[in-house]
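Let's work through some exercises on pockets, a ligand and cavities. Keep the structure open beside you as you go.

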Amino acid sequence: MNRVYNFNPGPAALPLEVLQQGQQDFVEYPSYGMSLMEMSHRSKAVEQLNEETQELLIQVLDLPKDYHVLFMGGGASTQFALTAMNFLKSGRVGSYILTGSFSEKAYAEAQTIGHVNIVASSKEHQWRILPQIKTLPLASHTAYVHMTTNNTIEGSQFHEIPDTEQIPLIGDMTSDILSRRMDWTRFAMFYAAAQKNLGPAGVTAVMIRDDLLRECNEHIPAVFKYTTYVQHKSLYNTPPVHSIYMMKLVLQWVMRQGGIAALEEQNERKAGLLYEAIDASHGFYQGIVDPSARSVMNVTWRMEDEHIAKRFVQEAERSGFAGLAGHRSVGGLRASIYNAVPLEACKALAAFMWDFQQRNG
Ligand SMILES: *Cc1c(COP(=O)(O)O)cnc(C)c1O
């Protein structure tokens, strides 16, 4: 086998054992004589898989009974539009915390639907810090507050959650769900496209609480309504069965690792190794984000000289490290170290960074 250390930002690394089990069941789903992908989504097998995977996610997150787990299509970007379509009624305002390009995209989509405002932003600081969110200037007619808990492209992550009191808080957790313990109940809704920490692309998990569900706009097409997915247990139309199956394997893998708490500890060690390499380099590697806002999932840095940065990526690739170029919109370098990236990969990268600096610093 010739698998590289995979630091891709998303779609991203999957646990090897998950891939291998998926491969085993690919052609013939145990005892059904055909692949899952060849089955009706109305079959017992798919119905069961769908329900089991939702229950597993509830279990791993330890969610209270008033939350529903929905599986939807269209990725996180579709949620940018759907949150506004469902909850942004006339006379109300959708309030956005802007901390990077994904939160800006969410804001821009909502703008096409209704009235929105920005209640905190770090744009003028080029997203290098996170804005103060302890007290937000929220109007009484606020429909919801939307935030991105981890900024995948910029490499920042909130370590606190705003207290929005009676106003529903909605979180895009695509790039840090299952990576750390969090008080989920502070969010009336949170969502994550699968391709970072949950599985392959194709399915988006939406966790939504009963009280917010009651606020859904009933005058939009059924396929866009959260209530439709609750009523049909996410089998309103044909779901991405294979992606859901892979998510189930990932969730079982998470449980075998010791759940979110164990992963959190591991993730902190992983990120610690890379931030240490950056901080110990005396400016050869320059962290992009202020240390107080650093992400444990996406480590971003720059190098003084662009040519050396380019060489870094090329040499890294030749040495078996994939996916280290920064997002095309910000440049620099980025190591995405989601749950499935092993500690050993981060140790190897930290050693490579040290070695590269010795030769080029
Ligand atoms: C990757 C990502 C997205 C975009 O997800 P799509 O499934 O491609 O729409 C949105 N938000 C965050 C935080 C992400 O990391």
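**Exercise 1. Find how much space the second largest pocket holds, and describe its lining.**

Solution. The second largest pocket contains about 350 Å³ of space. A pocket here is an open set of points on a 1 Å grid over the protein atoms alone, with protein on both sides within 12 Å along at least five of seven lines, and a lining residue has an atom within 4 Å of a point. Grid points are joined across faces, edges and corners, and the volume is the space filled by probe spheres set on the points.

Next, look at the lining: there are 22 residues, and those closest to the pocket centre are Phe-102, Thr-152, Ile-153, Gln-195 and Lys-196. H3 supplies the largest share, four residues. Both H3 and helix H4 (101-111) provide at least two. Helices (H or I, at least four residues) and strands (E, at least two) are DSSP runs, numbered from the N terminus.

Finally, sort by class: six lining residues are nonpolar, eleven polar and five charged. Ala, Val, Leu, Ile, Met, Phe, Trp, Tyr, Cys and Pro count as nonpolar, Asp, Glu, Lys and Arg as charged, and the others, Gly among them, as polar.

A note on the model: it is predicted, so local features need pLDDT of at least 70 and side-chain atom pairs count only at pLDDT 80 or more, while totals for chains, interfaces and linings use all residues. Residues are numbered from 1 along each chain as its sequence is written, and side-chain values use heavy atoms, with hydrogens and water left out.

**Exercise 2. Locate the ligand and work out which residues surround it.**

Solution. Start with the site: the ligand sits in the second largest pocket, meaning that more than half of its atoms lie within 2 Å of the pocket's grid points.

Then list the neighbours. The ligand is surrounded by 14 residues, with Ser-77, Thr-152, Asp-172, Gln-195 and Lys-196 the closest; a residue is near if one of its heavy atoms lies within 4 Å. Helix H3 (residues 75-87) gives the most to this shell, four residues. By class, the shell has four nonpolar, eight polar and two charged residues.

Now check polar contacts, which are pairs of N or O atoms within 3.5 Å. A ligand nitrogen lies 2.6 Å from an N or O atom in the Asp-172 side chain. A ligand oxygen is 3.1 Å from a polar backbone atom of Ala-76, and an oxygen of the ligand is 2.8 Å from an N or O atom in the side chain of Lys-196. Of the 390 Å² that the ligand exposes when taken alone, the protein buries 86% (Shrake-Rupley method, 1.4 Å probe).

**Exercise 3. How many cavities of 30 Å³ or more are there, and what lines the second largest cavity?**

Solution. Count first: there are two cavities of 30 Å³ or more, a cavity being a set of points where a 1.4 Å probe fits but cannot get out. The largest has a volume of about 50 Å³, and Lys-196 is among the residues that line it.

The second largest cavity has a volume of about 40 Å³. Its lining consists of Gly-22, Asp-25, Phe-26, Tyr-29, Ser-35, Leu-36, Met-37, His-242 and Tyr-245. H1 and H7 each give two or more of these residues, and H1 gives the most, with three.

Note on methods: Polar contact = N/O pair within 3.5 Å; in protein donor to acceptor, adjacent residues only side chain to side chain.
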